[in-house]
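The following exercises concern strand pairing and the surroundings of one residue. Please work through each task before reading its solution.

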Amino acid sequence: VFGISFRMLRAWVAGLQVARQVSDTVDLRAAMLDDTGYDIEMAGGVYNLAVQPGWGTCMYGPYFLCVTRDLTIRSAAGATAVLDGGGQKGVLIVHQHATASLHGLEITNGGGSTVGTAGGIFIGADSTLSITNCSIHDNHAGVDGGGIFNDASGTLTIIDSVVHHNS
């Protein structure tokens, strides 16, 4: 009808999707597990990942947040969302073959005795991460990449961001 194919209609509807808004660690956890394709928009404030009950180790390593699909995570306009690992685990892993974008976030205090590589962000094999207007600081790893560890076949782009005081 009207000369529009199902594929064109599906693409148009996908373009209308809005970001899933989160305001606490429970919302964030649910949004990370959601596979409907929505981006995540975080309200400003500190998201203390280490105190969330029931958050175990990501199936891909000792990280609180696991990106396993193409995803954009951003702070709401005019706000800064802080992802705080509490010094216990890595903050975020972009798993193999996923593409992620981070905008306006602060990633801090990741690491601990269980993290050998990447206290802040681990970029897996054949994955892509773009970091824009972010601050990645005060993360620690026992071996490599206190702030960011990029696997040899991963792609990393950093724009207007700072990475400092990581070890």
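**Exercise 1: a strand and its partners**

β5 and strand β8 (residues 99–103) pair in the parallel sense over 4 bridges. The model is predicted: local features need pLDDT of at least 70, side-chain atom pairs count only at pLDDT 80 or more, and totals for chains, interfaces and linings use all residues. Residues are numbered from 1 along each chain as its sequence is written, and side-chain values use heavy atoms, with hydrogens and water left out.

Task: determine which strand is joined to β5 by 3 bridges, and why β5 is largely enclosed.

Solution.
1. Strands are DSSP runs (E, at least two residues), numbered from the N terminus, and two of them pair if DSSP finds at least two bridges between them.
2. Strand β2 (residues 40–42) runs parallel to β5, joined by 3 bridges.
3. Arg74 in β5 has Glu41 opposite and also stands opposite His103 in β8.
4. Strand β5 (residues 71–75) is largely enclosed by the rest of the structure because 4 of its 5 residues are buried, that is, under 20% relative accessible area with a 1.4 Å probe, protein chains only.

**Exercise 2: the setting of His137**

Task: establish whether His137 is buried or exposed (over 50% relative accessible area), and which side chains form polar contacts with its own.

Solution.
1. His137 lies in strand β12 (residues 135–137).
2. Its relative accessible area is 12%, so His137 is buried.
3. A polar contact is a pair of N or O atoms within 3.5 Å; within protein, one must be able to donate a hydrogen and the other to accept it, and residues adjacent in sequence count only if both atoms are side-chain atoms.
4. The side chain of His137 makes such a contact of 2.7 Å with that of Glu106, and one of 2.7 Å with that of Asp138.
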